[in-house]
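Trainee: I would like to learn how to read a protein model. Could you take me through some features step by step?

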Amino acid sequence: MSLPLPPDPFAESYRSGTSYALAIRFSPEEYRGILAFLFALKLNLDRLLESHTEPEVLKIKALWWEEELARASRGEARHPLTLRAHSLGFLERPGVESLGRFAAGYAACLGTAEQGPDQFFARARSCGGMLLERVSRVLGEERAPGLEMARRAGTAHEAVALLLHDRKTRERFPPSSGEREHLISQIRSDLEALPRLGEALVASPSQRVTRILLALTQARLRHGEPGPFHKMFLAWWHARHEQHD
């Protein structure tokens, strides 16, 4: 009798209806695996910020991830996620460097003090903005404006997702509160500044994931969480309009 296959460590990235699953689905096939790895890594690290465990314990776990990603880059991976990524050669691909710094950003977000707007945006930048910058690099973006666009779009996507779906964030910034409205106003202002970074970059293949997540973020700001068919249409529509250099 054959043994059951081990669980896919990237599976969470493909969860139906999520922004990350749609971004993977409408990305070039040769990049889907490495994008699934990066998104799965983020989702694993996100659990550090969702946990009720003592912050000092969580910082130790964040440090473990930082060290694990450094080990993995040397071919000494231990976690199923990094073992799988190493076996597929993802850790040697351009754009997937210094992942330990990404994990270190999570440690900086852990603390006992009440989270205010500054800490909220710092978390969104560390977790969403820096992730999307790496994704953009993986897709071939090297230009500073394109990377800046990815950071801003990733920060906005993360911020809106937290306001809609993270329980602790919703409790801290409840619907109709003045602070929440201020956060949303700032997110809108940041998104309005993106086109000034260059329309050509918005339409480039290397910015495809940025474009998809940006469209989903704007839809969430207007109407709340879109339905699955609306999200699918948005991802498809913004994936197909590209300008090739």
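The talk below goes through a helix, the cysteines, a surface patch and some backbone angles.

Mentor: Happy to help! Keep in mind that this is a predicted model.

Trainee: Let's begin with helix H11. How many Å should its 16 residues span?

Mentor: The idea is to count 1.5 Å a residue, using one less than the number of residues. For H11, residues 208-223, that gives an expected span of 22 Å. The C-alpha atoms at its ends are 23 Å apart, which agrees with the expectation.

Trainee: And how many residues of H11 are buried?

Mentor: A residue counts as buried when its relative accessible area is under 20%. In H11, 13 of the 16 residues are buried, so the helix is mostly covered. Just after H11 comes Gly224, with a positive phi near 85°.

Trainee: Now the cysteines. How many disulfides does the structure hold?

Mentor: A disulfide is a covalent bond between the sulfur atoms of two cysteines. This structure holds zero of them.

Trainee: Why is there no bond between Cys109 and Cys127?

Mentor: To call a disulfide, we need the two sulfur atoms within 2.5 Å. The cysteine sulfur closest to that of Cys109 belongs to Cys127, and because the distance is 4.7 Å, it is too far for a bond. Seen from Cys127, the closest cysteine sulfur is the one in Cys109. Cys109 is buried, at 16% relative accessibility, and Cys127 is buried too, at 0%.

Trainee: Let's move to the surface. Which residues form a nonpolar patch there?

Mentor: They are Phe233, Trp236 and Trp237, and together they have about 310 Å² of accessible area. Phe233 lies in helix H12, residues 228-240. With a relative accessibility of 45%, Phe233 counts as partly exposed, since that class runs between 20% and 50%.

Trainee: My last topic is phi. What sign does it have in most residues other than glycine?

Mentor: For most of them phi is negative. That makes Ser98 worth a look: it is not a glycine, yet its phi is positive, about 55°. You can find Ser98 in the loop between helix H4 (80-87) and helix H5 (99-109).

Trainee: What about Ser176: is it buried or exposed?

Mentor: Ser176 is exposed, at 70% relative accessibility, whereas Ser98 is partly exposed at 35%. Ser176 also has a positive phi, about 75°. Its place is the loop between helix H8 (167-172) and helix H9 (178-193).

Trainee: Thank you, I'll look for these in the model!

Definitions and conventions. Residues numbered from 1 in each chain as written. Predicted model: local features only at pLDDT ≥ 70, side-chain atom pairs only at ≥ 80, totals over all residues. Heavy atoms only, no water. Helix = DSSP H or I, 4+ residues; strand = E, 2+ residues; numbered from the N terminus. Buried < 20%, exposed > 50% of the residue type's maximum accessible area, 1.4 Å probe, protein only. Patch = residues over 30% accessible without salt bridge, like charges linked within 9 Å, V, L, I, M, F, W, Y side chains within 5 Å. Areas by Shrake-Rupley, 256 points an atom, 1.4 Å probe, with all protein chains shown as cover. Salt bridge = Lys/Arg side-chain N within 4 Å of Asp/Glu carboxyl O.
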